[in-house]
Amino acid sequence: MSSHRNELNAIAPIKSKSMGASPTSLSAAISVEHVSFSYPSRKETPPALNDVSFRVDEGQICALLGPNGSGKSTLFRLLATLLPWQQGTGQIFGVDLAHSPQRARRLFGVTFQSPSLDTRLTVEENLWHQGKLYGLNSVDLQQRIIECSTPLGLKDWLPKTVETLSGGWKRRVELAKALLHHPRLLLLDEPSVGLDPGSRRELWQELARLRQMGISILVSTHLMEEAELADQVVIFDEGQKVAEGSPDELTQSVGQDALSMTPRNPETFAEILLQKTGRNALRMGSSFRLEGQISPGLVEELATSLGPELRAIGLIRPTLEEVFLKVTGRTFESADQED
Ligand SMILES: Nc1ncnc2c1ncn2[C@@H]1O[C@H](COP(=O)(O)OP(=O)(O)OP(=O)(O)O)[C@@H](O)[C@H]1O
């Protein structure tokens, strides 16, 4: 890691250069094939994971996006070798997780949703104990603590007790812990839960820096705006993979750009639109959406004919929310509340 320190200091653009490469030209950091899993205590309910296959290319940030209960944490527990493999296979850099869990554990670092820090100890003591668990000797560990904490901005915090740190800084300590043994892959289960938007942004900047160092990252989230920052997105729902691709590929799969109109009075707008322009638009809350053939002059044409009826009109790009709606028939918000 020390040889990469200069790279670490430069904040990377969040999109990776390798995004355009074809999947087959990169080796797989993670490969899961036909994975199903049922919790023994819940045999009567649908499986937590149902025939899931996907791969994460080396050097990429892959976001696992899904509503609550969609199976993200279960997949993380399997990848982290904390649950037994029931059906299907999983490999990390070609190492089979069911057959060689010890070997695989050396290749990844992991953080879970629930904090794993001892808040009464200092940052340094937390890192020290973790390093000892990895079997690092004291001299190497001392150096490694500096190497991992410095780029994360933690060096001055080493003597501080963890309970005095904000949520964002605690997450950084968790990241430093996961990095101590030089992993090639980070598994981060909902690392931004409980963080304010500013800390979330900083966390994603850290992830981009780590990717610049060549570390592959699988990060789960139920926030669309986070998933849109990743190179690759795998969307889960009810234990199944329902879509995957780069954010651009996914949103383009939904269709072309659409036109959004925000009327002064949403209740009467549909009728006025039909009368004045002969068009029907889809109501989405307080705005209306027109899809299909959106010619360059259409915005102007509608603005002229509807003038006083409109508060705003403009072209919009499809989002991951619409991808989820298309592949599941439900809005992400309603799916998130169902669990
Ligand atoms: N330890 C467990 N024992 C029994 N069932 C579980 C256990 N953990 C999760 N489940 C169930 O498995 C399914 C998938 O849950 P999982 O936690 O993997 O989803 P998730 O997408 O990570 O959701 P969340 O973000 O809420 O953690 C859910 O129906 C959940 O209730």
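The exercises below, each with a worked solution, concern a predicted model and treat its domains, its ligand site, a pocket and a cavity.

**Exercise 1. Domains**

Determine which residue ranges make up domain 1 and domain 2, and how far apart the C-alpha centres of the two lie.

Solution. Begin with the domain assignment of the protein, which gives domain 1 as 28–38 + 47–245 and domain 2 as 256–317. Then take the C-alpha centres of domain 1 and domain 2, for which the separation comes to 44 Å.

**Exercise 2. The ligand and its shell**

Describe which residues surround the ligand, to which classes they belong, and which polar contacts the ligand makes with Gly71, Ser73 and Glu190.

Solution. The first step is to collect the shell, which consists of 15 residues, the closest being Arg42, Gly69, Lys72, Ser73 and Thr74. Sorting this shell by class yields 3 nonpolar, 8 polar and 4 charged residues. The next step is to look for pairs of N or O atoms within 3.5 Å. On the backbone side, a polar atom of Gly71 is 3.0 Å from an oxygen atom of the ligand, and a backbone N or O atom of Ser73 lies 2.7 Å from a ligand oxygen atom. On the side-chain side, a polar atom of Glu190 is found 3.2 Å from an oxygen atom of the ligand. As a last step, consider burial: on its own the ligand has 630 Å² of accessible area, and the protein covers 71% of it.

**Exercise 3. The second largest pocket**

Characterise the second largest pocket by its volume, its lining residues and the helices and strand that supply them.

Solution. The volume of this pocket is about 480 Å³. Its lining comprises 19 residues, of which Arg105, Phe108, Val110, Gln130 and Tyr134 are the closest to the centre. Grouped by secondary structure, helix 3 (101–105), strand 6 (108–111), helix 4 (123–133) and helix 6 each contribute at least two residues to the lining. Grouped by class, the lining of the second largest pocket holds 8 nonpolar, 7 polar and 4 charged residues.

**Exercise 4. The cavity**

Find how many cavities of 30 Å³ or more the model contains, and state what lines the largest cavity.

Solution. With the threshold set at 30 Å³ or more, the count is 1 cavity, and the volume of the largest cavity is about 40 Å³. Its lining is formed by Thr111, Arg171, Glu174, Leu175, Leu188, Pro191 and Leu203. Helix 6, residues 167–179, gives the most to this lining, with 3 residues. By class, the lining of the largest cavity divides into 4 nonpolar, 1 polar and 2 charged residues.

Technical notes. Residues are numbered from 1 along each chain as its sequence is written. This is a predicted model: local features need pLDDT of at least 70, side-chain atom pairs count only at pLDDT 80 or more; totals for chains, interfaces and linings use all residues. Side-chain values use heavy atoms; hydrogens and water are left out. On a 1 Å grid over the protein atoms alone, a cavity is a set of points where a 1.4 Å probe fits but cannot get out, and a pocket is an open set with protein on both sides within 12 Å along at least five of seven lines; lining residues have an atom within 4 Å of a point. Grid points are joined across faces, edges and corners, and a volume is the space filled by probe spheres set on the points. Helices (H or I, at least four residues) and strands (E, at least two) are DSSP runs, numbered from the N terminus. Ala, Val, Leu, Ile, Met, Phe, Trp, Tyr, Cys and Pro count as nonpolar, Asp, Glu, Lys and Arg as charged, and the others, Gly among them, as polar. Domain bounds come from an automatic or database domain assignment. A residue is near a molecule or strand if one of its heavy atoms lies within 4 Å of it. A polar contact is a pair of N or O atoms within 3.5 Å; within protein, one must be able to donate a hydrogen and the other to accept it, and residues adjacent in sequence count only if both atoms are side-chain atoms. Accessible areas come from the Shrake-Rupley method with a 1.4 Å probe; for residues, only the protein chains shown count as cover.
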